[in-house]
Amino acid sequence: MLAIHSLSKSFDKGKNYALENVTFDLKEGDVCAIVGESGSGKTTLVRLIAGLERPDHGSIALDGNIIASLDKFVQPEKRKIGLVFQEYALFPHLTILENVLYGISKLKNKKIRAQEMLDLVGLSEMGKRYPHQLSGGQQQRVALARALAPEPTLLILDEPFSNLDAMLRMQLRNEIFDIIKKTGVTVLFVTHDTQDALSVADEILILQNGKVVQKDAAANLYVKPNTLYVASLFGNTIQINKNLQTAFRCPLKEDCCHAIRNEKIKVNPTAVDSDCEYITNATVIKKIVLGDSIQLLLKLETGEQLTVMTQDKNVADTITIGFNSKDILEFND
Amino acid sequence: MKQAGSNRETFSLKSRLKRFKRDSNRWSVFTLAIVIFLALPIIFIGVELFSGPGETWSHIVKYLLPEYIWNSLYLVLFCSILVLVLGVSSAWFVSRFNFPMRKQLEWLLILPLAIPSYIVGYAYAGIFDYGGSLDLIFRQLNLDFIRIDIMNRAGLAFVLSISLFPYVYVSARAFFLNQANNLLEASKMLGVGERKTFFKLMLPLARPAIVAGLVLVLMEVLNDYGAAKYYGVNTFTTGIFRSWFSLEEPETAVYLSALLIIIIFALILFEKWQVRKIKFTSSKSNSTQIQRKTTTKSLKWLIFLVVFLPVLLGFILPVLQLIYWATLTASTVFDVQFLLISLQSFGIAITSAIITVFFALLLIFFSKWSALRFIKNVSRVGVLGYAIPGAVIAIGIMIPTLALDKWLINVLANFGIDSGFIINGTLIALFYAYAVRFLAVAYNPIDSTALKVDNSIPDSSKVLGVGNLKTFFKIEFPLIKTGVFSAVILVFIDVMKELPLTLILKPYHIDTLAVKAYEYASDEMVMEAAIPSLFIIFTAMIPVIFLNKLLIKK
């Protein structure tokens, strides 16, 4: 339903690209997360889709109609896209009900629809209040109700939880996506937090420096990342360079880049998990107790340093570590 | 690779043109139209240059121009020094130290802005004249009166400085209060003393803010007509008036105006250069306010005196002199005629304030709705009128409207209509001129409140299916109301005080309080000028205090 083709945007006439040659599709009813660090172009991408910026190259189509290209530009107010901003952007001088009514003033039964929306987000009684009288989480839900009221074909959430603390964030994330799944709307969800993305999205699109590095089902990204960058987004990862290959005595293909997740490196592998094919000795330089588990800073015989985790509180000063060849990640860059 | 190829293509002329076609909308056209409309007076000055100088031009270049240039240079230099000393020192003391009546002095220091410089000029002439206030005081004390003649260049520079220094005070104080605290604390922690902290750290850092205030002062200095005329100092503005009214040579007025514009653009470039040099200072404003220091008792009173002196000279003394004159002339000046003029003055000021604010709103929002990025920069050109002296704008409007009216009269005469002048010498020309001159005064407070409204708020209105105009009326206007209101008030004061532009363009039968005060003073009836002057001061004072409240809030 959303088709983006070789989309580019530069804010300095081509010296730097905020977004470069981005191409992807979205199917009806999908929940897709866009993940990237700040400055990766996430926000530029959603602003282009919403019509708040204009592309320098490429096209955006919604339900088969071009809404932005070099020759065509459909105004944001004509796109039927719902957008929930990072800072909620509620109209401060209007009540909650007036905020929700704002986008559906032409509807016949607008009052009923607005009240339905407030019921949906669990704020039925709050209609007469003003935004500043609500908590952050409540404001977030009003923003969602307001965006859903006109029945958008596509709903975009731009970093919706970044203003909240960790506990509230998890709770609200689940609440919000329960509401959204009830409506069955197609969702684009921007976040810098991979936990957010993994917990709610069917598909994840990774942006790095304005380019798409991978778009895949959530489960695949962990198992088969395209690049070291993607791999490290989903957990600490070490590149297996020449020195490590020597230390573990594991010769690998020359023209590829290899890596291993820290959590896949086993400390003092026993007979039970002796499927560790590559093993080496290491000296413990530093132990950091992190509650239940212990972080070890190790020095290998070849002089390399690396960090591993263990549950063993009585770990000795010299240990063996090892990993299995099936856990090696292989990239082509 | 393919990517690199498409990038080069992205900024090829062909795709640029395509995007230009896609992104140009009616708002881009409207913005351009408004900018051109506001720049017309200056454009006309440029165009008129091609029709050649007047007969007396060579005479003026030989005998008068050196004097104009020398006097203007003298005023610029003298005023710069005095205004910097007064403005920066009072700003620093007020933000850094505790001393008696600090709170009161903090806003009293702004009040000189309520008095137009020509009125300060009249008052000081009265203080130092034979038979003036000083003379009377000396005689009461049985002393010989040592007369200081101030009706000259130095006196004029003093008068202009003492009435304009608050521009520097306000911008320097804003910097010291909001930006300086972290750095000040860092300097203290490094064990650096008070004096060195000020000269080595605060002064260099505050330079962009100080220069911005100074440039405003110098623009006012070059704009002044009333005080220079009264003190008999020949400047560019008095030269423009002379060539227009006495020599009746518009061509010469145009040439002088063009020269003056060049000087002013040099000033603006100087400011831009100064500000660019230390851009990093304005990066972030600190939430913590500067901590004031308490000093020894004698030092406290010394600081009080230093800060009180500019208030005394710039506000209290001139106002006392005017009040004294007012008591002497009240019976002759106060009549129905005077009431009528006050009402006219009020009506003109409020109407032009509303018109000017309307133009500012159009410019700000049309350029925002235009999808072409360069339009926003172009729109700033419309604001440049604040730099152009009133007399120059008046000349730039007078010449084309005279020609247009003559043409209209001829055309309409063919239809048997005797129209008379339609634009020239009517309120239309006057309102237009005020809008050109004071657009920046309206633009800045509106723009800064509009900037405080996060972009996501109008954006979400648009995403919810509501167009630009409706978004403006339902969302943006309610949120920027205070900015619009203060813009109306600020333009109102400026129009009330305005003299040179009004003198040239005002309709024959209409007077303002400023013009009345000027006429009294030129007719050797300076005492009678006191009452209209006080009227201007008191109307301007209330908003100045109000403006200060806004400043403190910020």
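This is a short tour of a predicted model, stop by stop, with something to select at each one.

**Stop 1: chain A as a whole**

Select chain A. It holds 9 helices and 18 strands. Its C-alpha atoms fill a box of roughly 75 × 45 × 35 Å along the principal axes. Of its 333 residues, 38% count as buried. Now think about contacts between residues with a separation of 6 or more. In chain A, 63% of these join residues 24 or more positions apart.

**Stop 2: residues 2–234 of chain A**

Narrow the selection to residues 2–234 of chain A. An unreviewed UniProt entry annotates this stretch as "domain: ABC transporter". The stretch is 33% helix and 25% strand. Show the C-alpha atoms at its two ends: they are 27 Å apart.

**Stop 3: two backbone oddities in chain A**

Select A:Asn21. Find it in strand β2 of chain A, residues 19–26. A:Asn21 is not a glycine, yet its phi is positive, about 50°. Is A:Asn21 buried or partly exposed? It counts as partly exposed, because it has 19 C-beta neighbours inside 10 Å, and a buried residue needs 20 or more.

Next, select A:Glu159. Look in the loop between β7 (154–158) and α5 (166–183) of chain A. A:Glu159 also has a positive phi, about 45°, without being a glycine. This residue is buried, because 21 other C-beta atoms lie within 10 Å.

**Stop 4: where the chains touch**

Show both chains. How many residues of chain B are in contact with chain A? The answer is 25, and they meet 27 residues of chain A. Color the chain B elements that give two or more residues to this side: α1 (2–10), α2 (13–23), α20 (456–463) and α21 (468–497). The largest share comes from α20(B), with 6 residues. By class, the chain B side has 9 nonpolar, 9 polar and 7 charged residues.

**Stop 5: helix α20 of chain B**

Stay with α20(B). Select B:Pro458, B:Ser460, B:Ser461, B:Lys462 and B:Val463: these are buried. What do the buried residues of α20(B) pack against? Their partners are α1 (42–50) and β6 (81–84) of chain A, together with α21 of chain B. Step just past the end of α20(B) to reach B:Gly465, which takes a positive phi of about 95°.

**Stop 6: two helices that cross**

Select helix α3 (residues 26–48) and helix α16 (residues 336–369), both of chain B. They pack at an angle of about 145°, and their axes are 8 Å apart. The crossing is left-handed. Show the side chains at the contact. From α3(B) come B:Trp27, B:Phe30, B:Thr31 and B:Ile34. From α16(B) come B:Phe359, B:Leu362, B:Leu363, B:Phe366, B:Ser367 and B:Trp369. Sorted by class, the contact has 8 nonpolar residues, 2 polar and no charged.

**Stop 7: the nonpolar cores**

Select B:Ala360, B:Ile395, B:Ala433 and B:Val491. They belong to the largest nonpolar core, which has 156 residues, and they touch the most other members. Zoom in on B:Ala360. Setting aside residues up to four places away in sequence, B:Ala360 touches B:Leu439, B:Ala442, B:Tyr443, B:Ile446 and B:Ala487. Another core, of 90 residues, lies apart from this one. Its members include A:Val31, A:Ala147, A:Leu207 and A:Ile321.

**Stop 8: a buried alanine**

Select B:Ala172 in helix α9 of chain B, residues 166–178. B:Ala172 is buried, because 28 other C-beta atoms lie within 10 Å. Leave aside neighbours within four places in sequence. The contacts of B:Ala172 are then B:Gly87, B:Val88, B:Ala91, B:Ala206, B:Ala209, B:Ile210 and B:Gly213. Now add B:Trp407. It is 235 residues from B:Ala172 along the chain, and 51 Å separates their C-alpha atoms.

**Stop 9: an arginine in a loop**

Finish at B:Arg292, in the loop between α14 (250–277) and β2 (293–294) of chain B. Which residues does B:Arg292 contact, leaving aside neighbours within four places in sequence? They are B:Arg96, B:Phe97 and B:Asn98. Check the distance from B:Arg292 to B:Asn98: 5.9 Å, C-alpha to C-alpha, with their positions 194 residues apart in sequence. B:Arg292 is partly exposed, with 13 other C-beta atoms within 10 Å.

Notes
Residues numbered from 1 in each chain as written. Chains lettered and ligands numbered in written order. Predicted model: local features only at pLDDT ≥ 70, side-chain atom pairs only at ≥ 80, totals over all residues. Core = buried A, V, L, I, M, F, W, Y, C linked by C-beta atoms within 7 Å. Buried ≥ 20, exposed ≤ 12 C-beta atoms within 10 Å, placed from the backbone. Contact = placed C-beta atoms within 7 Å. UniProt positions renumbered as here; feature names shortened; annotations may be inferred. Helix = DSSP H or I, 4+ residues; strand = E, 2+ residues; numbered from the N terminus. Axes fitted to C-alpha atoms, helices over the stretch in contact; angles between N-to-C directions. Left-handed = near helix turned anticlockwise from the far one by under 90°. Nonpolar A, V, L, I, M, F, W, Y, C, P; charged D, E, K, R; others polar.
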